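Hi everyone, and thanks for making time this morning. I'd like to walk you through a structure that may be new to you, so please have a look at the screen.

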Amino acid sequence: MEAFFIATGVVALAEMGDKTQLLSLVLAARFRKPWPIVLGIFAATVLNHALAGAVGNWVTHFLGPDVLRWILGGSFIAMALWMLIPDKLDDDDLPKSSHFGVFGTTLVAFFLAEMGDKTQIATVMLAARYVDAYVWVVLGTTLGMMLANAPVVWLGERIVKRVPIRLVHSISAVIFLVLGVAALIGWG
């Protein structure tokens with residue numbers, strides 16, 4: 001359960017102000033159909049994070065525990081620094097009208113936007129860290145994404161304007177830093 005709770009918390013915090021959260025806001029404003037958008041986000045997240053978790057789990061089997069410890073420690077510390085860099089949504093990331101409907105457009109746009117994103121990389125790292133809890137990591141990171149994105153779909157800019165993004169990113173950076181240091185010195 002530790003893997004589930006850490007994955008949920010880390011991803012929910014990391015997602016605040018992230019480009020996929022901004023994409024959720026754009027999708028909500030463009031389509032004004034919250035249920036297909038939320039379901040599309042959920043399906044894209046499950047697919048993306050299941051693949052990311054599998055990569056993290058796979059990598060663990062090919063690296064020795066000492067090498068993995070250093071890679072994870074360094075990766076978590078790098079993620080802490082990355083959290084301090086604000087995301088922006090490029091025009092190329094905006095969903096175009098498609099014949100896939102609201103759900104399909106959301107699924108494809110969200111899946112692609114999540115490729116190489118902070119939360120996807122965090123999922124890889126968490127699955128490598130909690131190798132015996134792959135399912136719990138994927139469930140936790142998916143819940144974290146939903147906790148950060150579903151309210152944005154329904155409440156839109158009202159919620160985004162009230163959340164102090166810099167503070168949330170700073171808290172996320174500290175959490176990633178602690179996880180990195182813990183991995184380097186061999187805690188847990």
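I'll begin with the overall layout, go on to two helix pairs and the nonpolar cores, and finish with a few single residues.

One thing to keep in mind from the start: this is a predicted model. So what is the secondary structure of the protein? It comes to nine helices and zero strands. If you read along the sequence, the pattern is simply α-α-α-α-α-α-α-α-α. The protein has 188 residues, and buried ones make up 46% of them. Now take the contacts with a sequence separation of 6 or more: 92% of those are between residues 24 or more positions apart.

Let's turn to how helices pack. Two packed helices are described by the angle between their axes and the distance between the axes. My first pair is helix 2, residues 19-31, and helix 7, residues 134-155. Their axes come within 8 Å and cross at roughly 30°. Angles under 35 degrees count as roughly parallel, and so helix 2 is roughly parallel to helix 7. The crossing of these two is right-handed. Which residues meet there? From helix 2 we have T20, Q21, S24, L25 and A28, and from helix 7 they are met by M145, A148, N149, V152 and V153. Sorted by class, that contact has six nonpolar residues, four polar ones and no charged ones.

My second pair is helix 3, residues 34-62, with helix 6. Here the axes come within 7 Å, and the crossing angle is roughly 40°. That angle makes helix 3 oblique to helix 6. This crossing, too, is right-handed. On the helix 3 side you can find N48, H49, A52, G53, V55, G56, N57 and T60, while helix 6 brings T119, Q120, T123, V124, A127 and A128. The residues of this contact divide into five nonpolar, nine polar and no charged.

Next, the cores. In soluble globular proteins, nonpolar side chains tend to be buried together. In this model, the largest nonpolar core has 22 residues. The ones with the most contacts inside it are L72, F76, M125, L126, Y130, V137 and F176. Which elements give two or more residues to this core? They are helix 1 (2-15), helix 4 (65-83), helix 6 (118-129) and helix 9 (165-185). Helix 4 provides the largest share, six residues. If you'd like one residue to zoom in on, try M125: leaving aside neighbours within four places in sequence, M125 is in contact with L72, S75, F76, M79 and F176. Apart from this core lies another one, of 17 residues, and V11, F31, F110 and M146 are among them.

Let me stay with Y130 for a moment, as we just met that residue in the largest core. Y130 sits in the loop between helix 6 and helix 7. Is Y130 buried or exposed? Its relative accessible area is 10%, so Y130 counts as buried. Not counting residues up to four places away in sequence, Y130 touches E2, A3, I6 and V137. Y130 and T60 are 70 residues apart in sequence, yet their C-alpha atoms are 9.5 Å apart in space.

Over in helix 5, residues 101-114, there are two residues to look at. V102 has its place there, and is buried, with a relative accessible area of 14%. Beyond its neighbours within four places in sequence, V102 is in contact with F31, K33, P36 and I37. The C-alpha atoms of V102 and L27 are separated by 8.6 Å, with the two positions 75 residues apart along the chain.

E114 lies in helix 5 as well. How accessible is E114? At 1% relative accessibility, E114 counts as buried. Leaving aside neighbours within four places in sequence, E114 is in contact with T20, N48, H49, T119, Q120 and M145. E114 and D18 are 96 residues apart in sequence, and 9.8 Å apart from C-alpha to C-alpha.

My last stop is R32, in the loop between helix 2 and helix 3. R32 has a positive phi of about 55°, although it is not a glycine. With a relative accessibility of 66%, R32 counts as exposed.

That's my tour, and I'm happy to go back to any view on the screen.

Notes
Residues are numbered from 1 along each chain as its sequence is written. This is a predicted model: local features need pLDDT of at least 70, side-chain atom pairs count only at pLDDT 80 or more; totals for chains, interfaces and linings use all residues. Side-chain values use heavy atoms; hydrogens and water are left out. Axes are lines fitted to C-alpha atoms, for helices over the stretch in contact, and angles run from 0 to 180 degrees between N-to-C directions. Helices (H or I, at least four residues) and strands (E, at least two) are DSSP runs, numbered from the N terminus. Angles under 35 degrees count as roughly parallel, over 145 as roughly antiparallel, 65 to 115 as roughly perpendicular and the rest as oblique. A crossing is left-handed if the near helix is turned anticlockwise from the far one by less than a right angle, and right-handed if clockwise. Contact means heavy atoms within 4.5 Å. Ala, Val, Leu, Ile, Met, Phe, Trp, Tyr, Cys and Pro count as nonpolar, Asp, Glu, Lys and Arg as charged, and the others, Gly among them, as polar. A nonpolar core is a set of buried Ala, Val, Leu, Ile, Met, Phe, Trp, Tyr and Cys residues joined through side-chain atoms within 4.5 Å. Buried means under 20% relative accessible area, exposed over 50%, partly exposed in between (1.4 Å probe, protein chains only).
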